[in-house]
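Here is a brisk report on side-chain packing and charge pairing in one chain. Look at the structure first, then read on.

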Amino acid sequence: AGVDFRLDAIDVQPECIAEGKTGRLTMGFPIEYLHTPAIVGAKALEKIAFRVGDLLVPPGVDGIPDARWDLVVCRNFLGYFVELVAVRCVTMLASRVEPGGALFLDSFCLEKFPLLEPSIGVAGLTRDGQHPVFVRPY
């Protein structure tokens, strides 16, 4: 669509990063079981920095860029941890959202961990309506 962008795709599992680099959007299913997986175009893949990294460490360590982002999408991740670890991670991610940017979470995490939303507020983001979207004001 002509929109300039840069993406940081980060996962602690090298296998997930390797799968992402193929451009196949298989949702975790082996390619032989899919009739037609979605394929990310080559021009879009060139703008994605795939990194193996641990989001439980500070930015600048273990593959996590010391950067700020316009959009952070945290999906199928926080729900696997105990609440205090999830809070620590989401606080770090929220602190990296640029002014005017947004943090998207899985709604089940907000229900599972009551301390998440207040910690996002402390990081300076506010919830946008009933959706699991938090924005940083300009």
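The side chains of Arg-24 and Glu-19 form a salt bridge, with N and O 3.0 Å apart. The model is predicted. Arg-24 has a relative accessible area of 26%, so it counts as partly exposed. Glu-19, at 27%, is partly exposed too.

**Salt bridges**

How many salt bridges does the count give? The count comes to seven. Side chains of opposite charge can pair when their charged atoms come close. Three of the pairs, including the one above, are listed here.

| Pair | N to O distance | Citation |
|---|---|---|
| Lys-47 and Asp-4 | 2.7 Å | salt bridge |
| Arg-24 and Glu-19 | 3.0 Å | salt bridge |
| Arg-68 and Glu-98 | 3.8 Å | salt bridge |

Take Lys-47 and Asp-4, whose side chains meet in a salt bridge at 2.7 Å. This pair links distant parts of the chain, 43 residues apart. Lys-47 sits in the loop between helix H2 (42-45) and strand E4 (48-52). Asp-4 belongs to the segment before strand E1 (7-11). Is Asp-4 buried or exposed? Asp-4 is exposed, because its relative accessible area is 65% and the cut-off for exposed is over 50%. Lys-47 has 32% relative accessibility and counts as partly exposed.

Now Arg-68 and Glu-98. Their closest N and O atoms lie 3.8 Å apart in a salt bridge. Again distant parts of the chain are linked, here 30 residues apart. Arg-68 is in the loop between E4 and E5, while Glu-98 is in strand E6. Arg-68 is partly exposed at 35% relative accessible area. Glu-98 is partly exposed at 28%.

Salt bridges also join into a network. Which residues are linked in it? Arg-6, Asp-8 and Arg-51 are.

**The nonpolar core**

The largest nonpolar core has 26 residues. Leu-78, Leu-103, Leu-105 and Leu-116 touch the most other members. Several elements give two or more residues to this core: strand E5 (69-74), helix H3 (83-95), strand E6 (97-105), helix H4 (107-112) and helix H5 (116-122). Which element supplies the largest share? H3 does, with seven residues.

Leu-78 repays a closer look. Set aside its neighbours within four places in sequence. Leu-78 is then in contact with Ala-86, Cys-89, Val-90, Leu-105, Cys-109, Phe-113 and Leu-116. Two of these partners, Leu-105 and Leu-116, are themselves among the residues that touch the most other core members.

**Leu-25**

Leu-25 is in strand E2 (residues 24-25). It has 42% relative accessibility, so it counts as partly exposed. What does Leu-25 touch, not counting residues up to four places away in sequence? It touches Pro-37, Ala-38 and Val-40. The C-alpha atoms of Leu-25 and Ala-38 are separated by 5.1 Å, although the two residues are 13 apart along the chain.

**A nonpolar surface patch**

Not every nonpolar side chain is in the core. Val-3, Phe-5 and Leu-7 form a nonpolar patch on the surface. Together they have about 260 Å² of accessible area. Val-3 lies in the segment before E1, and it is exposed at 58% relative accessible area. Asp-4, from the pair with Lys-47, is in that segment as well.

Note on methods:
Residues are numbered from 1 along each chain as its sequence is written. This is a predicted model: local features need pLDDT of at least 70, side-chain atom pairs count only at pLDDT 80 or more; totals for chains, interfaces and linings use all residues. Side-chain values use heavy atoms; hydrogens and water are left out. A nonpolar core is a set of buried Ala, Val, Leu, Ile, Met, Phe, Trp, Tyr and Cys residues joined through side-chain atoms within 4.5 Å. Buried means under 20% relative accessible area, exposed over 50%, partly exposed in between (1.4 Å probe, protein chains only). Helices (H or I, at least four residues) and strands (E, at least two) are DSSP runs, numbered from the N terminus. Contact means heavy atoms within 4.5 Å. A salt bridge is a side-chain nitrogen of Lys or Arg within 4 Å of a carboxyl oxygen of Asp or Glu. Patches are made of residues with over 30% relative accessible area and no salt bridge: like charges are joined within 9 Å, nonpolar side chains (Val, Leu, Ile, Met, Phe, Trp, Tyr) within 5 Å. Accessible areas come from the Shrake-Rupley method with a 1.4 Å probe; for residues, only the protein chains shown count as cover.
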